[in-house]
Amino acid sequence: MRRLLWVIPGFFVLAAAGCLTAPESRPVPDALPINLAHLEHLSEDVVRGDSVLRIVHIYAEAPDYHWVDDPDEGTACVDDVARAAVLYLRLYELTGDEAVRRTAEKLLRFVLYMQRADGLFYNFVYSNRLDINTTHQNSRAEPFGWWAGRAVWALGTAADVLRRANPRMAAQAAAAARRALVHLDRTWLVHYPRTRRVGGRTVPEWLVYRYGSDASSELLLGLVRLQKAAPDTSLARMIRQLAEGMALMQYGSMARHPYGAHASWIDTWHGWGNAQTQALAEAGYLESAIYEAEHFYPRLLVYGWMYAMSLDDSTQVQRYEQIAYAVRCVAVGLIRLYERTGDVRYATMAGLAASWLTGNNEAGVPMYDPATGRGYDGITGPGTVNRNAGAESTIEALYTMLEVSRHEPARRWLYARGAPPVEVTHEGTRYAYRIFNVQEKNATRSVAVVLNLSAERLALLEGEALARFLREVTTEPVHH
C-alpha cells in the first residue's frame, strides 16, 4: 500500500496510509515531516539547449547559508547530484508524486551530462554551471571510482523506479550505467579472485580502487537496482563478486578488534560511505550484513560514534568528525535488514542510530533541523558543531529520516536519549550496555542495548527483562 503525500512548498509530510514492504509496520497517528526546503535552496536549474538540468550547490555556510563555491573544484558535482537523485527517486517510489519525479529527472540529466562518450564520469562543474572541471584530482574521469559509483547508484535506481512513468529515461539511465560498468570490469573486476595478506588479514584485490570496500558498497546499491530493472548474467556476476569481496573484508567480532566491522580500505575503517550492510542486505547477501549488525553496530550505539579506526592498532581511534553520512550507512543498513528479516531488533537499533540526528549525540544538538530542512555538517569535537549545511549532510540526513520514519518500530526510538555506557562483570560474564529512554505521552519507554562480551551475543532488553537484568548485574560494582 502507498503512503499519502501532502505538499506544502518545500515541505513533505509522509502520512500513515498503510505500510509498504516492511514486516510489522503499522499506520501511525503522528506524521514525521521531511523538509526539503534547504535542499531546494541548494538546488538550481540550468538550461542547456532544450534541456533543463538541476545542480546542487556543494556548500552553504552559516549563518546566512548562501551558496559557496570551491575555487579549485567548482560549484556542483556528480557526487551530490547523484545522491540527491537517489533521494528524490526514493520519494517518488514511495509517494507517486509527479513533481518529485520531475525534479529527479532534472538531476539525472546533470548526471548524464557529466558522462564522457566512453562511459566514465567527470565530477565537478565550474561556477558558470556548465563548464566541466576535467583536471582536478577529485573530478577526473579516470579511473572508475567514487563519483562513477554514485552515478551508477542514481542511474540504476532510475532504471528501476522510472520504468513505467518514463520508460525512455529509464532506458537511457540503464544504457548509461552499462557503459560505465565496462570500465568496472576492465579496471577492477579483472583482478578477481586475487587476494593478498596484510597484517594477518586476507584482502581482495578486485574492489573499486582495488581495495575500496566503501566505494564498492555505494556502487553495489546501483547494481542491485539495475539488475532488478533488467536482469542479466553479467550484472549478477558483478554483484556476486563485489559482495564476496566486501564480505571478505570483515574482520574481528564483538569482543575482538575491529569488532566485526566491514573494513573501508586495506588498513582502515571509517564511517562515511561505508554502506556495506545496506548494500549487502539489498543484494540478498545477509550473512555478512547480519554479522556487522550483531557485532559492530551495537558497539557504536553503546560506546559512541567514531570517524575512523586503524585495523592494525586498536588504540588508534579518531572520534571526530561525526557526520550524517556515517549515520545513514548504519541506520539505513539496519532498516534494510529489518525489511529483509522482520527482526524488530534491527528496526530498534536503526531508530537509535538515527537519533544522532535529533540530538542524541555528544554535542547534545540536533544535527537535522525539521523547521528548515538543514542537515548540519558535523560534530568536530566535544560539544562543537559545524553549523554549515552543505549538500552531502543535508541529503544524507533527509534520506536517513525518510527511511527510518517509514517503520513504526524504528520511528518510536528516533527521539531517544542515551545514558552513559556501563561495563560490568557478573558471575564471570562481561557485559557492556547502554540504556536509551524516550518519552511516550505520559510515560518513559526504555531499551538497553546489551553486549555480552564473553559469549559475543547481542540483546535488546525492555520492560521486565530489562528490570531483571539490571537487578542481577547491579548486585556487583559497576564501571562507567
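Where is R412 found? This predicted model places R412 in the loop between α14 (408-411) and β22 (417-418). The legends below start there.

**View 1. R412 makes a side-chain contact with E408.** R412 follows helix α14 in the loop that leads to β22. Its relative accessibility is 18%. The cut-off for buried is under 20%, so R412 counts as buried. The side chains of R412 and E408 are joined by a polar contact of 2.9 Å.

**View 2. Helix α4 is largely enclosed by the rest of the structure.** The helix covers residues 146-161, 16 residues in total. From first C-alpha to last, α4 reaches 22 Å. That is close to the 22 Å expected at 1.5 Å a residue. Of its 16 residues, 16 are buried, so the surrounding structure largely encloses α4.

**View 3. L235 sits buried in helix α7.** Helix α7 spans residues 233-248. L235 has a relative accessibility of 2% and counts as buried. Leaving aside neighbours within four places in sequence, L235 is in contact with R178, L181, L223, L226, Q227 and A230. One of these partners, L223, is 12 residues away in sequence. The C-alpha atoms of L235 and L223 are 6.9 Å apart.

**View 4. Y211 and W265 form an edge-to-face pair.** The whole structure holds 9 aromatic pairs. In the pair of Y211 and W265, the ring centres are 5.6 Å apart and the planes meet at 85°. Y211 lies in the loop between β12 (201-204) and α6 (213-229). W265 lies in the loop between β14 (256-262) and β15 (268-270). The pair therefore ties together parts that are 54 residues apart in sequence. Y211 is buried, at 11% relative accessible area. W265 is partly exposed, at 33% relative accessibility.

**View 5. Y433 and F469 form an edge-to-face pair.** Their ring centres are 5.3 Å apart and their planes lie at 85°, so the pair counts as edge-to-face. The pair links distant parts of the chain, 36 residues apart. Y433 belongs to strand β24 (residues 429-440), F469 to helix α15 (residues 463-473). Both Y433 and F469 are buried.

**View 6. Ring pairs link W269, F296 and Y297 into a cluster.** Each of these three residues takes part in the cluster through ring pairs.

**View 7. Arginines lie over tyrosine faces.** R201 lies over the face of Y251, at 5.7 Å from the ring centre. R299 lies over the face of Y259, at 3.9 Å from the ring centre.

Notes
Residues are numbered from 1 along each chain as its sequence is written. This is a predicted model: local features need pLDDT of at least 70, side-chain atom pairs count only at pLDDT 80 or more; totals for chains, interfaces and linings use all residues. Side-chain values use heavy atoms; hydrogens and water are left out. Helices (H or I, at least four residues) and strands (E, at least two) are DSSP runs, numbered from the N terminus. The expected span of a helix is 1.5 Å times one less than its number of residues. Buried means under 20% relative accessible area, exposed over 50%, partly exposed in between (1.4 Å probe, protein chains only). A polar contact is a pair of N or O atoms within 3.5 Å; within protein, one must be able to donate a hydrogen and the other to accept it, and residues adjacent in sequence count only if both atoms are side-chain atoms. Contact means heavy atoms within 4.5 Å. Rings of Phe, Tyr and Trp (its six-membered ring) pair if their centres lie within 6.5 Å; planes under 30 degrees apart count as stacked, over 60 as edge-to-face and the rest as tilted. A charge sits over a ring if NZ of Lys or CZ of Arg is within 6 Å of the ring centre and within 35 degrees of the ring normal.
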